[in-house]
Amino acid sequence: MAGSSAPREPFYRNLSRTFQQISYDEFVQRVRRHRPSELLPAIAAAAIEMRDRELWMRSRVLVPWALGLAAKEAIVSGNEHRPGGVTRKDIVQICEAVAKIRDPLGTSADTGSVASFMTRVSHEQFPFQMSPFEEIARTQALYVDALAAAPTKRLTPALLSSALGSDPTDFAGVGFLLAVGAQLNSGYFDLRWLEQPNFVEICEVLPAELIRAVFKLEFATTAQAVRERVGRVRPPGDLKRHEFNPLRSRPFVEMSDGRHLAPQPAYAFHKLEPNAVYYAVAPRLGPDFTNDLGITFETYIARQLDQLDDVAVVPEIEYEDGRRSVDWFLVFGEVVVFVEAKITRLTESARLGTSTLGQDLDRTIGEAFEQIGRSLGLVQAAHPAFSAIPSDRPHVGLVITLEPYWMANSLQTRSLMTKPPPDIPTLVASSRELEQWIADHPTGGGQVLHEIAIDAERRTWNLGLALPPRPGDRAKNRLLQRAWDRLPWRDALEDRNLSSKDAGV
């Protein structure tokens with residue numbers, strides 16, 4: 001779990017079997033052959049069996065996103081009036097059907113561009129390629145450590161805890177317990193287990209009342225709720241494959257016997273990521289939360305940058321009429337990096353690769369490009385407020401996003417934007433990739449970034465892929481490691497028996 005690696009390129013080959021393409025409705029019909037009460041546990045069993053990334057990457061069939069999609073559609077479209085029985089062959093055939101669903105690549109002016117296709121596929125696949133360590137630890141480092149130090153206007157740790165149902169650290173502890181418990185129990189988690197002797201020590205750290213409250217508020221759902229969420233606004237035709245899956249926000253669905261099943265337990269781990277926390281509490285806290293989260297994210301990035309050993313970090317500069325520069329200038333001996341942080345997100349429509357994708361990119365990344373360009377112009381014009389920023393060495397732009405913008409450096413994605421990049425090489429990187437860069441290169445990172453930015457090929461990759469390889473495992477980000485070490489399962493949950501075996505349940 002604690003390993004770190006950059007997401008690999010999507011399985012284009014697996015998604016482009018044009019000689020066997022089927023419609024989304026045909027995929028649904030394949031799912032509908034089975035009773036949901038039998039298909040969902042079978043999907044969970046396959047997801048647990050194939051939870052190791054190397055296994056499903058070798059399989060290229062029993063992949064986690066296909067299993068998650070099958071689970072969603074079993075709930076939305078399935079019914080119990082079907083012949084009984086689900087075999088492994090059935091699960092394989094259903095996942096093969098997912099790979100055959102046709103895509104509008106090259107066939108539609110609205111959704112058929114290469115950039116649209118890449119956006120859909122990367123948001124479908126890449127989240128399953130990220131190790132949980134960084135994501136869970138970042139939630140703590142952002143919503144606990146950075147928030148405590150951020151000059152927010154309204155958001156406080158107490159307010160966030162109230163909206164989330166617990167403080168973020170306990171929330172992570174409960175979520176980790178639920179996810180691991182599901183993996184050890186065929187996808188199930190039964191709240192009655194909390195009364196078992198093997199949970200006594202766990203409940204001394206995470207009280208049973210807390211576990212029940214967080215589970216019901218954030219992790220549990222019903223089949224009816226899933227159907228209602230999907231049925232609100234569905235994209236047309238085969239794009240339904242990429243619509244939001246409600247199991248990502250509430251992974252445990254109540255079964256007919258009263259137990260709760262996570263058909264894709266990986267979604268329970270995804271619930272502990274910063275973006276999942278954002279989507280959980282944003283509707284309850286309103287627009288002020290988003291504004292204050294921006295301030296908190298800037299505080300978090302500043303704490304990350306403080307780990308660099310050979311750089312002068314110059315914070316944003318206020319100049320004429322209260323205007324402000326980029327968030328930071330990183331002054332290395334060989335290069336100056338203009339850094340702008342953004343928490344804005346792509347809309348669901350943009351994630352589908354529709355015509356709104358370019359507009360969303362302009363609204364988010366494009367605004368960062370403009371800020372870098374303005375700051376660059378002031379440095380080049382020798383504006384007195386920017387006298388601390390050298391103009392005698394190469395300049396590089398770096399846009400840091402809280403949520404990954406997969407493929408944002410590719411030529412195809414940049415071609416959708418009307419706002420051009422600044423007149424210097426400029427990279428877009430997620431917070432995860434920034435953390436990796438800092439962990440791998442606390443010294444000499446400026447030169448590494450500059451070499452990537454001026455390389456015609458590598459600058460079009462995700463930064464995590466473009467970073468030079470290190471011998472052995474990736475280095476750990478110290479800030480994330482400290483956050484991880486404070487989580488409540490360190491002593492009470494690891495290596496514990498979370499099974500219902502021999503408990504009479």
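**Exercise 1.** Is Trp437 buried or exposed?

*Solution.* The structure is a predicted model. Trp437 has a relative accessible area of 0%. Buried means under 20%, so Trp437 is buried.

**Exercise 2.** Describe the aromatic pair that Trp437 forms with Phe332.

*Solution.* Step one is the choice of quantities: a pair of aromatic rings is described by the distance of the centres and the angle of the planes. A search of the whole structure finds 18 aromatic pairs. For the pair of Phe332 and Trp437, the centres are 6.5 Å apart and the planes make an angle of 65°. Planes over 60 degrees apart count as edge-to-face, and the pair is therefore edge-to-face.

Step two is location. Phe332 is in the loop between β6 (328-331) and β7 (336-342), while Trp437 is in helix α20 (residues 431-440). With these positions 105 residues apart, the pair links distant parts of the chain. Phe332 counts as buried because its relative accessibility is 1%.

**Exercise 3.** Place Val281 in the structure and list its contacts from outside its sequence neighbourhood.

*Solution.* Val281 belongs to helix α15 (residues 274-285). Its relative accessibility is 0%, so Val281 counts as buried. Once neighbours within four places in sequence are left aside, Val281 is in contact with Leu160, Ala163, Leu164 and Phe289. The C-alpha atom of Val281 is 9.4 Å from that of Ser162, although 119 residues separate the two along the chain.

**Exercise 4.** Determine how α15 and α16 are oriented to each other, then do the same for α8 and α16.

*Solution.* Begin with α15 and helix α16 (residues 287-305). Their axes come within 6 Å and cross at roughly 130°. These two helices are therefore oblique to each other. From α15, the contact is made by Tyr278, Val281, Ala282 and Leu285; α16 supplies Pro287, Asp288, Phe289, Thr290 and Leu293. Sorted by class, this contact has seven nonpolar, one polar and one charged residues.

Now take helix α8 (residues 132-149), whose axis comes within 9 Å of that of α16, with a crossing angle of roughly 100°. Angles of 65 to 115 degrees count as roughly perpendicular, so that is the relation of α8 to α16. Residues in the contact include Arg138 and Asp145 of α8 and Phe289 and Arg303 of α16. The class count is 10 nonpolar, two polar and three charged residues.

**Exercise 5.** Which rings have the charged end of Arg345 or Lys476 over them?

*Solution.* The charged end of Arg345 sits over the ring of Tyr278, 3.6 Å from its centre. Lys476 lies over the face of Phe133, at 4.8 Å from the ring centre.

Note on methods: Residues are numbered from 1 along each chain as its sequence is written. This is a predicted model: local features need pLDDT of at least 70, side-chain atom pairs count only at pLDDT 80 or more; totals for chains, interfaces and linings use all residues. Side-chain values use heavy atoms; hydrogens and water are left out. Helices (H or I, at least four residues) and strands (E, at least two) are DSSP runs, numbered from the N terminus. Buried means under 20% relative accessible area, exposed over 50%, partly exposed in between (1.4 Å probe, protein chains only). Contact means heavy atoms within 4.5 Å. Axes are lines fitted to C-alpha atoms, for helices over the stretch in contact, and angles run from 0 to 180 degrees between N-to-C directions. Angles under 35 degrees count as roughly parallel, over 145 as roughly antiparallel, 65 to 115 as roughly perpendicular and the rest as oblique. Ala, Val, Leu, Ile, Met, Phe, Trp, Tyr, Cys and Pro count as nonpolar, Asp, Glu, Lys and Arg as charged, and the others, Gly among them, as polar. Rings of Phe, Tyr and Trp (its six-membered ring) pair if their centres lie within 6.5 Å; planes under 30 degrees apart count as stacked, over 60 as edge-to-face and the rest as tilted. A charge sits over a ring if NZ of Lys or CZ of Arg is within 6 Å of the ring centre and within 35 degrees of the ring normal.
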